[in-house]
Amino acid sequence: MILLPLPLFPLQPILSRIVRRVAAENPSMFNRLGPWVGADYIIDPINLPFALHLRPDREQPILRAVSRRALPPHAAHISGKFLDLLELIDADLDGDALFFSRALVIEGNTEAVVSLRNALDDIDGSIAERVAGMFGAPGRAALTAMRRAGERARHKEARA
């Protein structure tokens, strides 16, 4: 059986809408990025079949799904399980603890990653909840289901 690459184009308008909304609602976050405004980051949820290319740019922010086989040039590459990355965005998990437990891998410019983390920390409220809210009741239900799945997985790992 030959596995064909996952078509990523259906995700692109959704991801673009998300990043434009977050950027428009939080213009001050770009101040925390300092020289890393417009830098390219790869966010790699290792349990999904694609990575994400993020460019936090004031005028033209980018968030798009990309094949791991064709990553664009980037300042930093951040990888971990999808749910860990999701909770990390909202500061529900300790990034240092994830890093030292090797559940989070950072490659490239760590100063760029710290600047991105600081910019996300400046956003009031939950980014995940805001994004889920963009999609109404189905989005909020999906977020709740993902969070529950993450809790079950952590409890299962803790017992193992």
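The legends below describe close-up views of a predicted model.

Local features are described only at pLDDT of at least 70 and side-chain atom pairs count only at pLDDT 80 or more, while totals for chains, interfaces and linings use all residues. Residues are numbered from 1 along each chain as its sequence is written, and side-chain values use heavy atoms, with hydrogens and water left out.

**Figure 1. The whole protein chain, with 7 helices and 5 strands.** Helices (H or I, at least four residues) and strands (E, at least two) are DSSP runs, numbered from the N terminus. Along the sequence the elements follow the pattern α-α-β-β-β-β-α-α-β-α-α-α. The protein chain has 160 residues, of which 37% count as buried; buried means under 20% relative accessible area, exposed over 50%, and partly exposed in between (1.4 Å probe, protein chains only). The exposed area is about 9700 Å², and carbon and sulfur atoms supply 59% of it. Accessible areas come from the Shrake-Rupley method with a 1.4 Å probe, and for residues only the protein chains shown count as cover. Among contacts between residues at least 6 apart in sequence, 60% join residues at least 24 apart; a contact means heavy atoms within 4.5 Å.

**Figure 2. Confidence along the protein chain, given as pLDDT.** This score is the predictor's confidence in each residue, from 0 to 100. The average is 86, and 88% of the residues score at least 70. Among the elements, strand 2 has the highest mean pLDDT (97) and helix 4 (residues 95–100) the lowest (57). Where pLDDT is low, the predicted coordinates should not be read in detail.

**Figure 3. The open sheet of 5 strands.** The strand order is 3-2-1-4-5 and the pairing is mixed; two strands pair if DSSP finds at least two bridges between them. Strand 3 (62–66) and strand 5 (104–108) are at the edges with a single partner strand each, so one side of each has no neighbour in the sheet. On average, neighbouring strands of this sheet are turned by 20 degrees against each other, direction ignored. Axes are lines fitted to C-alpha atoms, for helices over the stretch in contact, and angles run from 0 to 180 degrees between N-to-C directions.

**Figure 4. Strand 2 and the strands paired with it, strand 1 and strand 3.** Strand 1 (residues 41–45) and strand 2 (residues 51–55) are antiparallel, with 3 bridges between them, and form a hairpin with 5 residues between them. Isoleucine 42 has histidine 53 of strand 2 as its bridge partner, and isoleucine 43 has leucine 52 of strand 2. Strand 2 also runs antiparallel to strand 3, to which 5 bridges join it; the hairpin joining strand 2 to strand 3 passes through 6 residues. One bridge links leucine 54 to leucine 63 in strand 3. Of the 5 residues of strand 2, 4 are buried.

**Figure 5. Helix 1 (residues 12–25) lying across strand 2 and strand 3.** The helix runs at about 155 degrees to strand 3. Glutamine 12 lies in helix 1 and touches Arg64 and Ala65, not counting residues up to four places away in sequence. The C-alpha atoms of glutamine 12 and valine 66 are 9.4 Å apart, with 54 residues of separation along the chain. Glutamine 12 counts as partly exposed because its relative accessibility is 23%.

**Figure 6. Asparagine 26 in the loop between helix 1 and helix 2 (29–33).** With a relative accessible area of 9%, asparagine 26 is buried. Its side chain reaches the backbone oxygen of valine 22 at 2.8 Å. Not counting residues up to four places away in sequence, asparagine 26 touches Ile123 and Arg130.

**Figure 7. Helix 3 (residues 82–89), largely enclosed by the rest of the structure.** This description applies because 6 of its 8 residues are buried, namely Leu83, Asp84, Leu85, Leu86, Glu87 and Leu88. Leucine 88 counts as buried because its relative accessibility is 11%. The C-alpha atoms of leucine 88 and leucine 120 are separated by 9.5 Å, and the two residues are 32 apart along the chain.

Terms used. A polar contact is a pair of N or O atoms within 3.5 Å; within protein, one must be able to donate a hydrogen and the other to accept it, and residues adjacent in sequence count only if both atoms are side-chain atoms.
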